[in-house]
Amino acid sequence: METPIENNELALTEVNPETQPNKRRKKKSIVWEHFTIETVGAGCRRACCKQCKQSFAYSTGSKVAGTSHLKRHIAKGTCTLILRNQEKNQLSPYSAPSKMGGAGSASEPPKRRYRTSSLMSVPFDQDRCRHEIARMIIMHDYPLHMVEHPGFVAFVQNLQPRFDMVSFNTVQGDCVATYLREKQSLLKFIEGSPGRICLTLDLWTSRQSVGYVFLTGHFIDMDWKLHRRILNVVMESCPDSETAFSHAVAVCLSDWSLENKLFSITLNQPLGEIGIEYLRAQLSIKNPLLLNGQFLVGNCVARTLSSMALDVFGAGRETIKKIRDSVKYVKTSESHEEKFLELKQQLQVPSTKSLFLDDQNQWNTTYEMLVAASELKEVFSCLDTSDPDYKEAPSFDDWKLVETLCTFLKLFYDAASWLTSTTTIPTTNTFYHEMWKIQTELARAATSEDPFISNLTKPMQEKVDKYWKDCGLVLAIAVAMDPRFKMKLVEFSYPKIYGDEAASAYIRVVDEGLHELFLEYVALPLPLTPTYADEGNPGIMKAEDHSEGGGGGGGGGGLPSSYGLSDFDMYIMETSTQQMKSELDQYLEESVLPRVQEFDLLGWWKLNKLKYPTLSKMARDILSIPVSSVAVESIFDTVGKEMDEYRSSLRPETLEALICAKDWLQYGSSPPEMSNALVKMEF
């Protein structure tokens, strides 16, 4: 056997010495620092690892295997000896050695540096890997049991053999630890927010007959940004009881220390009088109910819109089924769709919409299906001429009815679309316009001579009237906090809603409510945070700030005797109160701002908080009241949400941790330095 060829020696590059016996070159690959070439037979040579002595194919006859598999051996951790040395030195086998390290380094010629991946020098961290697995499970709703699935275990072991696989209980504890860490961060953020907080309650059902109340907090921070965070998921054993919501609210207030900070509650379903009284009685003990609690409980506008959409679908059930069957006929067969598109091109129908089947649990998809089909009605009407198998084309009356239904649905669709933004959260004032428009259009439709339209309108009017009765004052005061409208829009729109004679009384109710609420903010400064108090009192100086150089002798700096000044103190209090009261009137009397589409309402109040110190506090709380209690993806739902069997099988604490942490992580997470301080959980 030949002597092994070392890395800096000249080696023959050809495998047939008879043809080119004298041609030599230096081997440049860095792998030759770790391998030698040995001849094992005629025309067969193998590469031998200097560390573990394992051999690999190099050349057979005229075929050369290359060096990729050799690189994998030393770079991917397969060689146990190199791996052991790497752990000691924290260096990759591809990293260039230090110029000053090792004996004789000064005499050795400098070796060529090779560009390597920075990932190869990252030390392995078991705790960090556990932290990332927990984040992955939380963010993507993976089941906790996946860490015990054979396929996942095999994948991880091949990816990183040194990782000690975790069990179900361990990863459950890691997920809860992530939740607790993120909760501490959010708790500090909420404590530092100067305004009050509004809650939404969304009740989910389950097959186990227990309910889950999702409590989401809405608040405006110091920088006048509106935030929305899931705070709790509370399991209720008797979700139909009158006390279910009040119990869930009590848990949330205690868990987040929100006593004296709650402003309003928005529910996803109507609450009976007994349930409302439970809430009022519970909250009035530690939480002041502003404006006699008229903001305490509100209804979810998304549920109201969905309910009215179902009324429309119910009125046109048979026609909608015909349209759905026709769309299904086209979309479930490639040949049918080709004939449909050919006919559309022949008829030169200008519509750019594509047909699709609706999801009957999402009413917006049914509306969009009807709109697309209506624009292509000419094609459907002629389709039987080119496709004899199509025999159930909707009639002219059917298409006419679809247009009528879509007129109503568009009102609800446009209003609900405001709630579906994933980048910005709409403020309360936005929905005054939408609900006013719906009310006006329904009132006009109710006077239609077409009995179908007038009869269809009645149940929808009842639902809008109920929502307006419960939430109209909140929406009106919210729109008054918009300097583009103030009370002017209320004065303009109420006659159109209530008629000229009755409108003045309703306008007076809004005006009085607005002034009464303002007086409560004047009389009861909110003891929330020092920042909140400072924002409302700019320019106020402490008494000791005036004491320097203000001694009783000379200079005219001393105060006169207090004779007769007790009445003066009373006068100051009265005039100051009048001044504070006029802050609202001053705002209302000033001209409205020009209407621009991209107006930043919260940004305007941020700039004017010094001009309106008390009114800005009130605006901050009013504009944070949510009109919808459901998540963005559930705005168009026609059925209530149900917890799946897997989640229902989890411990309530684990379920809450997974759902809340997923919501919080999308807004950023706590610093990764905290990942090693995993909270130890026992299960």
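The largest cavity in this predicted model holds about 110 Å³ of space. A search of the whole structure turns up four cavities of 30 Å³ or more. So what surrounds the largest cavity? Its lining is made of 16 residues, and those lying nearest the centre are Gly 298, Cys 471, Val 474, Ile 625 and Pro 626. Three elements each give two or more residues to this lining: the strands β10 (262–267) and β11 (297–299), and the helix α15 (451–480). Helix α15 gives the most, with four residues. Sorted by class, the lining comes out as ten nonpolar and six polar residues, with no charged ones at all.

Charged residues do turn up in pairs elsewhere in the picture, as salt bridges. Side chains of opposite charge can pair when their charged atoms come close. Across the whole structure, the search finds 24 salt bridges. One of them joins the side chains of Asp 358 and Arg 324, with 2.9 Å from N to O. Asp 358 sits in the loop between α10 (334–347) and α11 (363–375), while Arg 324 belongs to helix α9 (residues 317–331), so this pair ties together parts that are 34 residues apart in sequence. Are these two residues buried or exposed? Asp 358 is buried, at 12% relative accessible area, and Arg 324 counts as buried too, at 15%. Both end up in that class because the cut-off for buried is under 20% relative accessible area.

Another salt bridge stays within a single helix. Lys 437 pairs with Glu 434, and their closest N and O atoms are 3.6 Å apart. Both residues lie in helix α14 (residues 430–446), where they are three residues apart, or about one turn of the helix. Here the two partners fall into separate classes: Lys 437 is partly exposed, with a relative accessible area of 33%, whereas Glu 434 is buried, at 7%.

Asp 637 and Lys 641 make a further salt bridge, with their closest N and O atoms 3.8 Å apart. Asp 637 counts as buried, at 6% relative accessibility. Its partner Lys 641 is partly exposed, with a relative accessible area of 24%. As with Lys 437 and Glu 434, then, the lysine is partly exposed and the acidic partner is buried.

Finally, salt bridges can also share residues. Which residues are linked in a network of salt bridges? Arg 128, Glu 132 and Arg 135 are joined in this way.

Methods: Residues numbered from 1 in each chain as written. Predicted model: local features only at pLDDT ≥ 70, side-chain atom pairs only at ≥ 80, totals over all residues. Heavy atoms only, no water. 1 Å grid on protein atoms, 1.4 Å probe; cavity = no way out; pocket = protein on both sides within 12 Å on 5 of 7 lines; lining within 4 Å. Points joined across faces, edges and corners; volume = space filled by probe spheres on them. Nonpolar A, V, L, I, M, F, W, Y, C, P; charged D, E, K, R; others polar. Salt bridge = Lys/Arg side-chain N within 4 Å of Asp/Glu carboxyl O. Buried < 20%, exposed > 50% of the residue type's maximum accessible area, 1.4 Å probe, protein only.
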